[in-house]
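Q: Please take a close look at one part of this model, the sheet and the surroundings of its edge. A connected account with the criteria stated would be appreciated.

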Amino acid sequence: VVFNQKASNGCTKSSSPSTNISKTINLDQGDPTLFEPYWRKMGDKCTMVISASDSMSYFSDAGNLCWFLEPKLSDSIKNLHREIGNAKSNSRHIVVGTGSTQLYQAALYALSSSPDRTHPISVVSAAPYYSQYPEETDYLRSGLYKWAGDAYTFDKEEDGNTNYIEVVNSPSNPDGSIREAVVKRTGGKLIHDLAYYWPQYTPITCPADHDIMLFTFSKCTGHAGSRIGWALVKDTEVAKKMIKFIELNSIGVSKESQLRAAMILGTLSDNSYRNFNSNKPELNSIGVSKESQLRAEMILGKLSDNSYQNLNSNKPELNSMCVSKESQLRAAMILGKLSDNSYQNLNSNKPDNFFEYSQCLLAERWKKLREVVKRNQLLILPDYPLEYCNFTGKFTQSHPAFAWLQCKEEDVDCEKLIKAHKMMVRGGVRFGAEKKYVRVSMLSSEGVFNLFLQRLSAIKGNFN
Ligand code: PMP
């Protein structure tokens, strides 16, 4: 585990806050580190103990169709959707995946793997689409499916196919818009990627009710490193095929990650932060991310470490021996942050409920960004309608996870322009759009976000 400046502030090289000023900042990936302060504030409320003898089997629930799904995770997911009202989860199969990235591929496989398939089915999504869809679809050059680009320009007759798969990503990454299927022809199959259909990003206007809906822990709570995603699937045969894919691809999904996700998601729909560790007297920190790797590292480490010969010594002693190194690293990180102004007062005046907190945080960021863009003569941001959110009971606007910036002038390569100011962003072409667009992550740590605003203001200076 590397608790260095890169992990905490997204800069490309380890450095002290004062030297960060000259480093390139990474706003390319949507790494959701902005939520870290909230979870840090939760302290031990979301900490769990997993002993070496726990969760060793491949199986989580042998009687369930998705036999590698932890029942606690299934319960937390259902409770959360019920509480938030963003998706119908009853009478659906829940398929857990190693991130929704794995579930996307499982869904493609499930929708295309008919024995009489003679050529690959076309996979489309409305541009600007999530830049990973083309790569994930074509990476293995499958004979079952192939990327066919923008759904708006897809002509299935010309393609010679009778059916197609359309991926509907709503709210959309990159531009935050609310989407619905655009091809709308018989024979079409839909995958709804609802990674950002959570109250912090967009008003929850109705419970989504589609055949295959993908969600991810990464964007719901910010725990991207746990690699947990889930699909809500109506059709049993489709669910079976998705499960088969995951069985062949990774024989299930890490139990440590599932249990941790179950606990954290459980706290979201339970304001009293019910104690998941009630039968575990000691609280422990399994790690900040990548639970399975950390656990494996710890257990394998002990096998080759003679100083741990006494395997039968009591648990607290073993726990404290294992934790000490991590505690030192964490303490170093936390103490380091005390002298970093950008981390001061992060939690002041912020609500306790995660969704209220994160909505407030993103709304603040968007307000600041809009002020900078308004002063700037070069760039434009999309506007989002005010809509009633059933979860908060208020009229709110979307505050997407990404800013879809557009250069006012035609023919400007916006990515080049912004990169020249030491900001890594993703250019519009990757999303099937023009080069005058760029996608910028709004999910970075506070320090990186502030540098982003400063540097964006400087671009304006150059063009006035
Ligand atoms: N879909 C969309 C639209 C995303 O933005 C992302 C993450 N960037 C994913 C899927 C994949 O998420 P995960 O971390 O669960 O693999």
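A: The account below treats the sheet, then one edge strand, then the ligand shell. The model is predicted, so local features require pLDDT of at least 70 and side-chain atom pairs count only at pLDDT 80 or more, while totals for chains, interfaces and linings use all residues. Residues are numbered from 1 along each chain as its sequence is written.

Helices (H or I, at least four residues) and strands (E, at least two) are DSSP runs numbered from the N terminus, and two strands pair if DSSP finds at least two bridges between them. On this basis, 7 strands form an open sheet with mixed pairing, in the order S2-S8-S7-S6-S5-S3-S4. Its edge strands, each pairing on one side only, are S2 (93-98) and S4 (145-150).

Strand S2 pairs with S8 in the antiparallel sense over 6 bridges; Val95 has Ala231 of S8 as its bridge partner. Ala231 is also the bridge partner of Leu214, and strand S7 (residues 212-216) runs antiparallel to S8 (residues 228-233), joined to it by 5 bridges. Strand S2 is largely enclosed by the rest of the structure, because 5 of its 6 residues are buried, that is, with 20 or more other C-beta atoms within 10 Å of their own, C-beta atoms being placed from the backbone.

Turning to the ligand, 13 residues surround it, and Gly99, Ser100, Thr101, Thr216 and Ser218 come nearest; a residue is near if its C-beta atom, placed from the backbone, lies within 6 Å. Helix H4 (residues 99-112) supplies the largest share of this shell, 3 residues.

How values were computed. A residue is buried if 20 or more other C-beta atoms lie within 10 Å of its own, exposed if 12 or fewer, and partly exposed in between; C-beta atoms are placed from the backbone.
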